[in-house]
Amino acid sequence: MISGFYAVGGAMRTYADRNDIIANNLANASTPGFKKESVHVEPFDVLFARVTQPVGDSEGLVQPPLGRLRAEVITVHTQGPLRETGGAFDLAIDGDGFFRVRSPEGTRYTRDGSFHLDAGGRLVTADGYGLLGDGGAPITISTAEGGDVAIAPDGTISINGARSGRITLADFEQPYPLRKAGQNLYETTSEDAVELTVSSPIVQGSIEMSNVNVVEEMVGLIGNYRDYEMAQKMARLQDDTLSDAIRTVGAAR
């Protein structure tokens with residue numbers, strides 16, 4: 001009976017976590033380059049075994065209760081739709097790969113291609129982090145040169161037809177060894193993560209939008225809410241059953 005409480009409690013916690021994830025997805029449905037997240041769920045005994053096995057013998061431990069719990073939050077790196085803006089420094093990656101930027105904490109990665117020039121002529125993100133090009137050097141465009149800035153699909157930057165630099169992309173083996181680092185950036189989860197070259201075309205004058213499908217997320221939110229309500233009723237039922245058992249045993253004595 002007590003294990004039933006554990007199972008229902010674990011389910012309610014998982015549904016609450018999933019609710020937070022869906023809410024965050026919906027809040028970022030209009031954020032350029034944002035990748036939605038989903039909750040991966042596994043049976044409790046599988047998670048229990050994964051935690052206990054590395055530290056040795058789990059014999060003699062209490063049998064784990066039934067139920068399914070949140071195992072991890074997964075970032076879904078599917079392509080988002082491209083939206084044409086006409087901006088000279090709005091860039092979108094049509095395929096795999098990430099823009100590399102220099103943050104105070106080191107190199108970070110992003111799919112948000114809404115760049116602009118700062119006062120020093122550096123091509124930067126909305127938070128002022130410089131876009132990196134060949135050899136890890138920041139991309140700088142001299143506004144004194146004037147004229148048209150063209151960025152070819154391979155990242156080559158030309159001003160009035162003269163080559164000025166090249167934006168290079170980075171990619172990784174999948175599943176990506178990346179985690180979200182805030183400000184629409186990713187950081188590697190391991191120092192051993194190796195950057196791969198990638199030749200996905202860069203589209204000037206467009207940005208990649210979020211891959212969040214609002215309708216799907218709303219349907220998921222409603223379904224998750226109903227699942228939570230059901231688990232809540234099961235918890236109440238467990239509580240009533242336990243109360244009845246206590247009263248019955250007490251009366252028998």
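**A surface patch, ring pairs and two cores**

Let's begin on the outside: Met230, Met234 and Leu237 make a nonpolar surface patch of about 290 Å². A patch here takes residues with over 30% relative accessible area and no salt bridge, with nonpolar side chains joined within 5 Å; a salt bridge would be a side-chain nitrogen of Lys or Arg within 4 Å of a carboxyl oxygen of Asp or Glu. Areas come from the Shrake-Rupley method with a 1.4 Å probe. Methionine 234 sits in helix α3 (residues 214-252), and at 37% relative accessibility it counts as partly exposed. On this scale, buried is under 20% relative accessible area, exposed is over 50%, and partly exposed is in between.

Keep in mind that this is a predicted model, where local features need pLDDT of at least 70, side-chain atom pairs need 80 or more, and totals for chains, interfaces and linings use all residues. Residues are numbered from 1 along each chain as its sequence is written, and side-chain values use heavy atoms, leaving out hydrogens and water.

Now for the rings. The structure holds four aromatic pairs, meaning ring centres within 6.5 Å, with planes under 30 degrees apart called stacked, over 60 edge-to-face and the rest tilted. Phenylalanine 98 and tyrosine 186 have ring centres 5.8 Å apart and planes at 65°, so they pair edge-to-face. That pair links distant parts of the chain, 88 residues apart: phenylalanine 98 is in strand β5 (residues 98-103) and tyrosine 186 in strand β15 (residues 186-188). Helices and strands are DSSP runs (H or I, at least four residues; E, at least two), numbered from the N terminus. Both phenylalanine 98 and tyrosine 186 are buried, and ring pairs join Phe98, Tyr176 and Tyr186 into a cluster.

Next door in sequence, phenylalanine 99 pairs edge-to-face with phenylalanine 115, at 5.2 Å centre to centre and 85° between the planes. Phenylalanine 99 lies in β5 and phenylalanine 115 in the loop between β6 (106-110) and β7 (116-117), so the pair ties together parts 16 residues apart in sequence. Phenylalanine 99 is buried at 0% relative accessible area, and phenylalanine 115 counts as buried at 5%.

Both rings also belong to the largest nonpolar core, of 19 residues, in which Leu91, Phe99, Phe115, Leu131 and Ile167 touch the most other members. A core is a set of buried Ala, Val, Leu, Ile, Met, Phe, Trp, Tyr and Cys residues joined through side-chain atoms within 4.5 Å. Apart from it lies another core of seven residues, including Tyr176 and Tyr186.

Terms used:
Rings of Phe, Tyr and Trp (its six-membered ring) pair if their centres lie within 6.5 Å; planes under 30 degrees apart count as stacked, over 60 as edge-to-face and the rest as tilted. Buried means under 20% relative accessible area, exposed over 50%, partly exposed in between (1.4 Å probe, protein chains only). Patches are made of residues with over 30% relative accessible area and no salt bridge: like charges are joined within 9 Å, nonpolar side chains (Val, Leu, Ile, Met, Phe, Trp, Tyr) within 5 Å.
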